[in-house]
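The following exercises ask the student to read strand pairing from a structure. Each task is followed by a worked solution.

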Amino acid sequence: MTVDKLKPLNRRLFFTGSILAFALTSIAATAVVEAQADHDRDSDFRFLPGNLVVSRSVYDNKASNVKVGEILPPNCASTQGGCSASTGAINDGTYPYVFNNDAYDGSFGITSRLLLDQITPEGWLIDTLELPNSLQRGIKPTSDQLVTSFSSKSEGALNLSTSGKYLSFIDYVAPVNTIDASNSNTPGVDDPTNPVGIPYFRAVAVVDAHGRMHFTETNAYSGNNGRAAILNDKDGLDVVYTAGNAGNGSNPQPAGVVLGAGTQFIEALKAPEVSQDPGQPTPAGSFSVTLLDDKADKIGKDDNFRGLALFNNVLYYSKGSGSNGVNTVYFLDTTGTACPKGVGLPSAAATLPTAPLVFNPGTLAASGLPSNMCILAGFPTLLAKSATGVSFPFGIWFADANTVYVADEGDGFTGGTDLYTHAAAQTTAGLQKWVFNSNTGKWSLAYTLQNGLKLGTPYTVSGYPTGTNSVTGLPWSPATDGLRNITGRVNRDGTVTVWAITSTVSGGGDTGADPNNLVAVTDRLSNTSATVAAKESFVTVRRSGFAEVLRGVSFTPQSDDDHGRHGHSW
C-alpha cells in the first residue's frame, strides 16, 4: 500500500465537534496495510468513525506507456469504427504530455492505481488503502483487481451503503497502464462500431470498515464509464444501484448498450472475479425528454447520469454533460404515480427498487426503455442543447428533507485563450443550495457558494509544466472550474459542512488529468440569503500532487461496534 504523508493545507475545524476526538482518531489510526490477494482476510486496517475517505489516483509515469506513432485505439483495425489518423500517437507516456494524445485519439485514456485515503475532516492524512492492481506483488491476471481511468473526471465517486457499513464505487477490471479502457466495450456487450477493439468488464467494489473488499463484475456501461454506486444491504437485500453512461459508437446503438446506460440494478457478489460470468445489463430506470413534450433524442443518451445520492428511500441522479437530454436533478419513481409528465416530487410511499426495470425487448430499438424517472420539481427542464441557461450538476447531498446541496462542475470551456476569464464569470458553477417550498411544492435555488473557490484563477503544481501547451495553444496551468463529488454533515450549531472535489479548466490535453483539490465550506442550514452566504468561503483541505487526481469523498464506513453519526440520512 502506498502511504502519502502530505501535510494538510488548513488545520481549521470546519464544524462544531470534539477536537479531542479528532486528535485521538489521528493517534489511534496508525495501521498501514497492503492490499491482499485474499480480500476476505481480516487485517489491522480500520476506517475510523468521523473521518473522511477520498479516492485518489496516481498515474504510473512511464514514457513507455505510449509510443510516438503508435496506432490507436488498441486493436482499432478489427472494428468497424476503424483507427484514428495514420500519423499515430503524438506524445509518449510522459505525464502530463501523454494526454495530448486525446487530440489524435478521441477515446484516449490510461488506467491507473486507485487509492482510498483516510483523512480527518480538517485534512490530516491517517493512512491509505490501495485497491489490488497489476503493479502489486502477487497480483496475477486471474487475481481480483480494480483500476480507474486516470483522466476520466466523472469516475471515482464514493458512497456509503444503506446500512453505513460499506463503501461502494465502480471502475474497471484491467491492468494498470491499459489504453482506452474507459471507452472500451464490455465483454458481453459488443458494439462493432466502437473503435476501441479490446473489451473490459466494469466492476463494483464494496469495502468494509476493515478494508476487506469484494468486486461484482458487470457488462453495463459498454463504450463508456460507470461513475457512482450505492449498495443496498438492508432488509435482506444485497444489490447495488449505479449511475453512468454507455456508448462509443454509431447510432443506432446495440440493445446491450441501451440497456447498460444510465441507472443499473446489480446483484452484489462475493465470488472471485475470475469465477464471475455477468449477463446482460439490468437497468433500474430511464428517462426520456418526450415526457416534457420535447423531440426524442438518440436512444439511451438522455440517461447520461453523473451524480448519485440516496435520501429517504429515494434514489437521486444528476445529469450534467453531453448534448442530449436535460442537465438537472432526477429521482427514480418506484410508485409509478409521482410525475406522469416527467416532473414531480417523490411519493411518501416510495421504496427503493428491489428488481430491475421491466421493458419490452421488441420496442427497445425504436423507443428505448420505459420512463420511470422524474425531474425534481423546481429544477431545470431546459434541454442541454439550448444555447443559454444550461447548468452542469454533479454531486448531490441532502442536509435534510428541505435542503439539498448540488455541486455544479462548470461548463469545462477550453475553446480559447479566455478560458480563465470564462471560468471566473460562471454564475452556476460551485455549490448550489436548493430549498423546498411547501407552499408551491417546488424546490428553488437559494444561492450558489463560490467565494474561496477562485474560479478561473490558475495555480501551479510542483513539477507540472507552466507556459503554453504547444498542442492546444493554451496555458498548462489548471484553474478551478467548479465542483464534482460532494459529501456533508449537519453540525450541532445549526451549520452544515460540505466537502467537495474540484473540477478544472486548463490548456492540458485532457482537463481530467489536471491535479485538483478537496475543498470545504460551512454554511448556515437555515439561511436563504445570498448576502449572508457571500460571507462564507471555501478553504482548501487537500491538494493532489504531480501525476495525481482526486475523485470522490465520503465519510468512513462503520463496523458493528462503531457508534456515532456519520452525518448521513438513509
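**Exercise 1: Partners of one strand**

Task: Determine how strand β16 (residues 343–344) and β17 pair, and over how many bridges.

Solution. Step 1: β16 and β17 run in the parallel sense, joined by two bridges. Strands here are DSSP runs (E, at least two residues), numbered from the N terminus, and two strands pair if DSSP finds at least two bridges between them. The model is predicted: local features need pLDDT of at least 70, side-chain atom pairs count only at pLDDT 80 or more, and totals for chains, interfaces and linings use all residues. Residues are numbered from 1 along each chain as its sequence is written, and side-chain values use heavy atoms, with hydrogens and water left out.

Step 2: Opposite G344 stands L376 in β17.

Step 3: β17 (residues 373–376) is also joined to strand β15 (residues 328–332), by three bridges, and these two run antiparallel. Here Y330 faces I375 of β17 as its opposite residue.

**Exercise 2: An open sheet**

Task: State the strand order of the open sheet of four strands, and explain why one side of β18 and of β21 is left without a neighbour.

Solution. Step 1: The order is β18-β19-β20-β21, and the pairing is antiparallel.

Step 2: β18 (393–400) and β21 (442–449) are at the edges; each has a single partner strand, so one side of each lacks a neighbour in the sheet.

Step 3: Between β18 and strand β19 (residues 403–408), which run antiparallel, there are five bridges. V406 in β19 is the bridge partner of I396.
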